[in-house]
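User: I'd like to learn how to read a few features straight off a model. Could you walk me through some, general idea before the specific case?

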Amino acid sequence: MRIIEKSAFLTDKNNRSSAYHSQTVRTRVAEIISTVKEQGDSSLFTFTEQFDGVKLNELRVNEQEIAEARDVVGEDFIQALQEARRNITAFHESQKQPSWFMGEQNGVFLGQKITPLDRVGVYVPGGKAAYPSTVLMNVIPARLAGVPKISIVTPPQADGKINPYVLVAAYETGVDHIYKVGGAQAIAALAYGTESIAKVNKIVGPGNTYVAQAKKLVYGDVSIDMIAGPSEICVVADETANPQFAAADLLSQAEHDEAASAICITTSEEQGLTIQNEVNEQMNQLDRHDIIEKSLEKNGRIVVCKSLDEALELVNTIAPEHLQLMIKNPYDHLHMIRNAGAIFLGNYSPEALGDYFAGPNHTLPTNGTAAFASPLGVYDFVKKSSVIHYTENALSTASESIITLAEAEGLTAHANAIRVRKA
Ligand SMILES: NC(=O)c1ccc[n+]([C@@H]2O[C@H](COP(=O)([O-])OP(=O)(O)OC[C@H]3O[C@@H](n4cnc5c(N)ncnc54)[C@H](O)[C@@H]3O)[C@@H](O)[C@H]2O)c1
Ligand SMILES: N[C@H](CO)Cc1c[nH]c[nH+]1
Ligand SMILES: [Zn+2]
């Protein structure tokens with residue numbers, strides 16, 4: 001993990017996951033999408049064999065497989081899952097928005113009706129790791145919003161089965177259908193439908209570069225939540241940060257993917273060097289050492305800034321998925337953060353706590369999109385309709401103004417629709 005100055009960081013073109021912008025990935029993903037559109041299920045079998053190395057006869061997971069999975073996962077897992085589920089549910093309950101209606105005034109009645117989406121597809125990543133936590137984070141808010149039909153797509157393991165922990169999380173949250181397909185082909189299947197997979201109104205959930213790119217390309221034909229791609233962490237560490245903790249947190253995100261990014265911003269070069277040593281020491285003891293090494297080489301940086309103000313401004317420029325403020329009095333500086341998916345405060349709020357357990361969603365905007373996007377929430381699974389009611393008298397009072405506006409636009413049929421109602 002290299003130590004560099006802020007100016008060097010800002011001019012380094014490789015400091016972001018460049019795969020997002022790769023024309024090769026975009027072209028490949030566009031080809032996959034149009035093949036699935038044309039050939040349906042048969043192309044899903046072919047792509048699954050090609051990318052996941054698995055020959056399948058059936059895409060849908062059956063009840064027998066779910067029952068087997070329940071026998072494999074231990075009781076400890078079920079209990080931890082249920083504890084996390086309670087926290088995630090409690091947090092997301094607060095996001096529910098009811099329909100609202102303004103009181104009647106002079107014969108005018110207005111409101112906003114909230115309706116859950118009919119059908120949602122959740123992408124659960126499964127290439128380099130399996131994510132039962134992602135099942136919870138995506139399905140719980142959808143259920144709280146009242147979505148009646150929820151399907152999951154996720155790549156199969158080498159044995160052709162779905163990871164048992166993912167299956168149990170899907171069962172526990174009441175998912176309707178689970179399909180063994182991942183990558184861009186799974187996104188295309190949810191967007192356009194195939195013989196086995198029903199088209200959905202919205203696709204949510206994180207994934208690798210192929211998944212993120214596919215979501216971008218199908219957007220418009222179907223809704224999407226956001227671009228939640230390879231994981232990112234940004235740790236701001238002053239001299240009060242525990243360097244062992246900071247290093248562990250940086251490594252925790254680097255282990256997701258070679259395209260993940262881990263950036264430490266510090267106001268003290270000495271602290272930066274200590275964290276760098278910690279990263280190197282801890283890295284060697286971790287299972288996913290190979291992935292971590294590649295991701296840190298590509299997107300791992302320790303950036304030295306002259307002041308905390310400068311460090312926090314750099315955070316806003318990066319707009320990271322996860323931000324950890326390991327600084328003295330973090331609450332005093334919270335107002336300076338404009339762009340970050342989730343903000344963790346102090347030495348004892350590691351990002352891994354948010355990944356699994358605290359309650360806020362872990363599906364978060366990546367690759368700078370935290371500058372305009374928000375965490376996944378209940379609000380992503382509903383749509384709003386405006387409700388308008390005028391009495392005859394109320395319309396009559398407003399009619400001259402409406403006719404004037406319609407005629408100014410040259411739309412005489414609009415003006416006429418008001419005039420015919422005039423007493
Ligand atoms: N932002 C979030 O909220 C969040 C949460 C969890 C995970 N993540 C991220 O999700 C990602 C998961 O990635 P993953 O790879 O483990 O699983 P994945 O399921 O996203 O991707 C695996 C699929 O990618 C496709 N693929 C792989 N190589 C391909 C190629 N050369 N051409 C075409 N398709 C190809 C295959 O179809 C495979 O099934 C990681 O980057 C992780 O950081 C993000
Ligand atoms: N850190 C990931 C989001 O970028 C979410 C996750 C799930 N499991 C572990 N981590
Ligand atoms: Zn994580």
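User: In which sense do β2 and strand β3 pair, and over how many bridges?

Analyst: Quick caveat to begin with: this is a predicted model. As for the general idea, strands of a sheet pair through backbone hydrogen bonds, either parallel or antiparallel. Here β2 and β3 (residues 108-116) go antiparallel, with two bridges between them. To find the register by eye, look for tryptophan 100, which stands opposite glutamine 112 in β3.

User: What is the strand order in the open sheet?

Analyst: The order is β2-β3-β14, three strands with antiparallel pairing. The edges are β2 (100-101) and β14 (382-390), each of which pairs on one side only.

User: Let's move to the metal. Which residues coordinate the zinc ion (ligand 3)?

Analyst: Start from the ideal: angles at a metal are 109.5 degrees for four tetrahedral donors. In this model, His256 (through NE2) and Asp355 (through OD) coordinate the zinc ion (ligand 3) at 2.1 to 2.2 Å. The site has four donor atoms, and with angles of 82 to 174 degrees among them it is irregular. The pair links distant parts of the chain, 99 residues apart: histidine 256 is in the loop between α10 (243-254) and β10 (261-266), while aspartate 355 belongs to helix α14 (residues 351-356).

User: Are histidine 256 and aspartate 355 buried or exposed?

Analyst: Both are buried. They also turn up around ligand 2, whose surrounding residues include Tyr131, Ser231, His256, Glu321, Asp355 and His362.

User: How far are polar side-chain atoms of those two from a nitrogen atom of ligand 2?

Analyst: For histidine 256 the distance is 3.1 Å, and for aspartate 355 a side-chain N or O atom sits 2.8 Å from a ligand nitrogen. Glutamate 351 has a polar side-chain atom 3.5 Å from a nitrogen of ligand 2.

User: One last feature: why is helix α7 largely enclosed by the rest of the structure?

Analyst: Count the buried residues along the helix. In α7 (residues 164-172), seven of the nine are buried, so the rest of the structure largely encloses it. Among them are Val166, Leu167 and Val168, along with Glu172. The packing partners of these buried residues are α4 (63-72), α5 (75-93), α6 (132-145), β5 (149-154) and β6 (177-180).

User: What should I look at around the ends of α7?

Analyst: At the start, a side-chain oxygen of asparagine 163 comes within 2.9 Å of the backbone nitrogen of tyrosine 165. Just after the helix, check glycine 174, with its positive phi of about 75 degrees.

Notes. Residues numbered from 1 in each chain as written. Chains lettered and ligands numbered in written order. Predicted model: local features only at pLDDT ≥ 70, side-chain atom pairs only at ≥ 80, totals over all residues. Heavy atoms only, no water. Buried < 20%, exposed > 50% of the residue type's maximum accessible area, 1.4 Å probe, protein only. Helix = DSSP H or I, 4+ residues; strand = E, 2+ residues; numbered from the N terminus. Contact = heavy atoms within 4.5 Å. Polar contact = N/O pair within 3.5 Å; in protein donor to acceptor, adjacent residues only side chain to side chain. Donors = N, O, S within 2.8 Å, 3.2 Å for Na, K, Ca; no water. Tetrahedral: all angles 85-135°; square planar, octahedral: opposite > 155°, others 65-115°. Pairing = 2+ DSSP bridges. Near = heavy atom within 4 Å.
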